[in-house]
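Reader: I would like a close look at a single part of this structure, taken slowly and with the numbers kept in view. Could you choose one residue as a starting point and work outward from there?

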Amino acid sequence: YQRRVHGGILGNEVTSFLTRVILVYFGYRSYQSIETEEWQDDAAWLTFWLMYSLIQFVEFWVDIFAGWILALPFYNEGKLALWLFLGFGGATKLYDMFGKRAMSGAEEAFQQLSQKANENEKFKEYTQKGRQIWEENKKKLNLPGAPVPKKEETKEEAPKEEVEEY
């Protein structure tokens, strides 16, 4: 699904391209932070990706129910500026202002939903079936955590040479 956003100086293609370049750069910066010993940079980039995912989630619903917002002039440029703001320290500020409260509310809702689901017999049955399917496929696909099958030691006989008699 490709939405059309009108207006703006840079245009849809340029802002789309720049957004992807910025996200690849921030992904690279996240990789660099993982490779360091400090936890502060890890926390900063984890906060960025959390805020990025929350904004993408909200944008999805806004697009469905209030698509006219996406037609505002300079929408793409504004979003591009938002990603830059988040990537250069703004994610922590935004998280402290809104994200923490939103996530704690969502966490409570998820816990209640999980508790209700775990009390449901059908859910338990489907969960058990899902685990069985996962274990079977994990073995077949040789995924991490799957037991390594033992190789059977068999002696292969050397092929017999056929000799033609004259």
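Author:
**W49 and the packing around it**

Leaving aside residues up to four places away in sequence, W49 touches L23, F26, G27 and S30. This is a predicted model, and every value given here should be read with that in mind. W49 itself has its place in helix α2, and its C-alpha atom is separated by 9.9 Å from that of L23, although the two residues are 26 apart along the chain. As for its surroundings, W49 is partly exposed, because its relative accessible area is 29%, a value that falls between the 20% under which a residue counts as buried and the 50% over which it counts as exposed.

These contacts belong to a helix pair. Helix α1, residues 12-34, packs against helix α2, residues 40-65, at an angle of about 145°, and the two axes are 8 Å apart. The crossing in which α1 passes α2 is left-handed. On the side of α1 the contact is made by L23, F26, G27, R29, S30, S33 and I34, while α2 brings D41, D42, W45, F48, W49 and Y52. Sorted by class, this contact of α1 with α2 has seven nonpolar residues, three polar ones and three charged ones.

Among the polar participants, S33 deserves a separate word. S33 lies in helix α1, and it counts as buried because its relative accessibility is 5%, where the cut-off for burial is under 20%. Not counting residues up to four places away in sequence, S33 touches E38, D41, D42 and W45. One of these partners, D41, lies in helix α2 and, with the same sequence neighbours left out, touches S33 and T36. D41 can also be placed relative to R29: the two are 12 residues apart in sequence, and their C-alpha atoms are 9.4 Å apart in space.

The aromatic rings give a second view of the region. A search of the whole structure finds 12 aromatic pairs. In one of them, Y28 and Y31, the ring centres are 6.3 Å apart and the planes stand at 35°, so the pair is tilted; that angle lies between the limits of under 30 degrees for stacked and over 60 for edge-to-face. Y28 and Y31 are about one helical turn apart, because three residues separate them in helix α1. Y28 is partly exposed, since its relative accessible area is 47%, and Y31 likewise counts as partly exposed at 47% relative accessibility.

F48 and W49, by contrast, form an edge-to-face aromatic pair, with 4.7 Å from centre to centre and 80° between the planes. F48 counts as buried because its relative accessibility is 0%, whereas its ring partner W49 is partly exposed. The two also belong to a wider arrangement, for ring pairs link Y25, F26, W45, F48, W49, Y52, W83 and F88 into a cluster.

F48 leads on to the interior of the model. The largest nonpolar core has 13 residues, and F48, W83 and L86 are the ones that touch the most other members. Helices α1, α2 and α3, the last spanning 75-119, each supply at least two residues of this core. L86, once residues up to four places away in sequence are set aside, touches F48, M51, I55, A91 and L94.

It remains to set this part within the whole. The chain has four helices and zero strands, and from the N terminus on its elements run α-α-α-α. Of its 166 residues, 20% count as buried, S33 and F48 being among the buried residues described above. Finally, of the contacts in the chain between residues at least 6 apart in sequence, 65% join residues at least 24 apart.

Terms used:
Residues numbered from 1 in each chain as written. Predicted model: local features only at pLDDT ≥ 70, side-chain atom pairs only at ≥ 80, totals over all residues. Heavy atoms only, no water. Axes fitted to C-alpha atoms, helices over the stretch in contact; angles between N-to-C directions. Left-handed = near helix turned anticlockwise from the far one by under 90°. Contact = heavy atoms within 4.5 Å. Nonpolar A, V, L, I, M, F, W, Y, C, P; charged D, E, K, R; others polar. Buried < 20%, exposed > 50% of the residue type's maximum accessible area, 1.4 Å probe, protein only. Phe/Tyr/Trp six-rings, centres within 6.5 Å; stacked < 30°, edge-to-face > 60°. Core = buried A, V, L, I, M, F, W, Y, C linked by side-chain atoms within 4.5 Å.
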